[in-house]
Amino acid sequence: MAEIAQKDSTLENRGREEDAGAAFVLEAKGSGWMFYFVIFIQTAINTGIGIGAILLAGECLQIMYSELSPNGSLKLYHFIAMVTAVMTVLSQLPTFHSLRHINLGSLLLSFGYTFLVVGACIHAGNMKNAPPRDYSLETAEASRIFSAFTSISIIAAIFGNGILPEIQATLAPPATGKMVKGLVMCYSVILITFYSAAVSGYWVFGNKSNSNILKSLMPDEGPSLAPTWVLGLAVIFVLLQLFAIGLVYSQVAYEIMEKKSADVKKGMFSKRNLIPRIILRTLYMMFCGFFAAMLPFFGDINGVVGAVGFIPLDFILPMLLYNMTYKPPRSSFTYWINTSIMIVFTGAGLLGAFSSIRKLVHDANKFKLFSDDVVD
């Protein structure tokens, strides 16, 4: 949830600098299909994350609205439209460099949200009228296997979150050391935040836990399972953080679009560059918002993005590019370790993609477009 993304702030530098990840790809395969394949994966992943951020932010607004006005007429897609409008305005921040303070705020919000949610779960679990806990697995063996690979894909998406801004960001030499420090920090935050919230939520609610734990703590029937002020503050924290996440990951797509649409000889705020930037970024946010409203499948989207995007980008392509670039002997330990990792995670990615898409199709059969509920 918290990433360190350092980017030069001038438009003129965009046309001359290669990002760290692309530079490695270019060295391995020149400017051919491999470069565009990686760019395609990066763009697909960031678009998926952008859709997910808008969807969850809209759900947070819906939670607050339902508490203030239980019989209100507004639907989920109305809140998604509101979030999209705000994101469209915020998206006009020009570069990664413009977001450096937002990233710090996102980090603090992550810790604040986690502290509140874990405390609320512990409080709910120790109540006299604590919710019943069911830790049983699915009865059908095939369903358990498919769910396991879907979960692997979701975990890959969680741990892969930190690598995209680091790869895309142009870092001053030596880039490698700075990327390692950024990723170590990111993975540390993930371990503290994601896992503490996931473990405490599962401890309280078992397999009935919602993907948005706040909805489990604020059930549709009966009183809230934690103090109202705690839950309200947690909702605000995660809402603000989702804006930060959406901005960071959308910037990658903007960089790709604007390398083709911008004129590096003119100023960043010149009419020649400002108008295309406003149009392209607005259309991109509208695209993400439309799909978030039309298909609110949060868990399923996470699984597909992890299987199709993060597993290849994090566990397959680096090993492939290393073997192609440094050409270790086929009899060497390094070569076979890299090859084994590629084979194992190719299988995991294929099975994860199949199981995630299978779940998406299964959920779609009992779902209407522009639903008022987020599908786990």
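**Entry 1: the chain as a whole**

I began with the contacts: of those in the chain with a separation of 6 or more, 80% are between residues 24 or more positions apart. I note here that the model is predicted. I then looked up the secondary structure and found 12 helices and 0 strands. Read from the N terminus, the order of elements is α-α-α-α-α-α-α-α-α-α-α-α.

I next turned to burial and surface. The chain has 376 residues, and 48% of them count as buried. I recorded an exposed area of about 18,500 Å² for the chain, of which carbon and sulfur atoms supply 70%.

**Entry 2: salt bridges**

I kept in mind that side chains of opposite charge can pair when their charged atoms come close. How many salt bridges does the count come to? I found 2 salt bridges, and I looked up each pair in turn.

I took Lys215 and Glu59 to begin with. They form a salt bridge in which the closest N and O atoms are 3.5 Å apart. This pair links distant parts of the chain, since Lys215 belongs to helix H8 (residues 213-217) and Glu59 to helix H2 (residues 33-68), with their positions 156 residues apart. Is Lys215 buried or partly exposed? I noted Lys215 as partly exposed, because its relative accessibility is 24%. Its partner Glu59 is buried, because its relative accessible area is 1% and the cut-off for buried is under 20%.

I then examined Glu258 and Arg281. Their salt bridge has its closest N and O atoms 2.7 Å apart. Here too distant parts of the chain are linked: Glu258 sits in helix H9 (residues 228-261) and Arg281 in helix H10 (residues 271-294), and the two are 23 residues apart. I checked the burial of each partner. Glu258 counts as buried at 4% relative accessibility, and Arg281 counts as buried at 0%.

**Entry 3: Leu320**

I closed with a single residue. Where does Leu320 lie? I located Leu320 in helix H11, which covers residues 298-326. Leu320 counts as partly exposed, because its relative accessibility is 27% and partly exposed runs between the 20% and 50% limits.

Which residues does Leu320 touch, leaving aside those up to four places away in sequence? I found Met34 and Met342. I also looked up the spacing of Leu320 and Asn338: they are 18 residues apart in sequence, and their C-alpha atoms are 7.4 Å apart in space.

Definitions and conventions
Residues are numbered from 1 along each chain as its sequence is written. Side-chain values use heavy atoms; hydrogens and water are left out. A salt bridge is a side-chain nitrogen of Lys or Arg within 4 Å of a carboxyl oxygen of Asp or Glu. Helices (H or I, at least four residues) and strands (E, at least two) are DSSP runs, numbered from the N terminus. Buried means under 20% relative accessible area, exposed over 50%, partly exposed in between (1.4 Å probe, protein chains only). Contact means heavy atoms within 4.5 Å. Accessible areas come from the Shrake-Rupley method with a 1.4 Å probe; for residues, only the protein chains shown count as cover.
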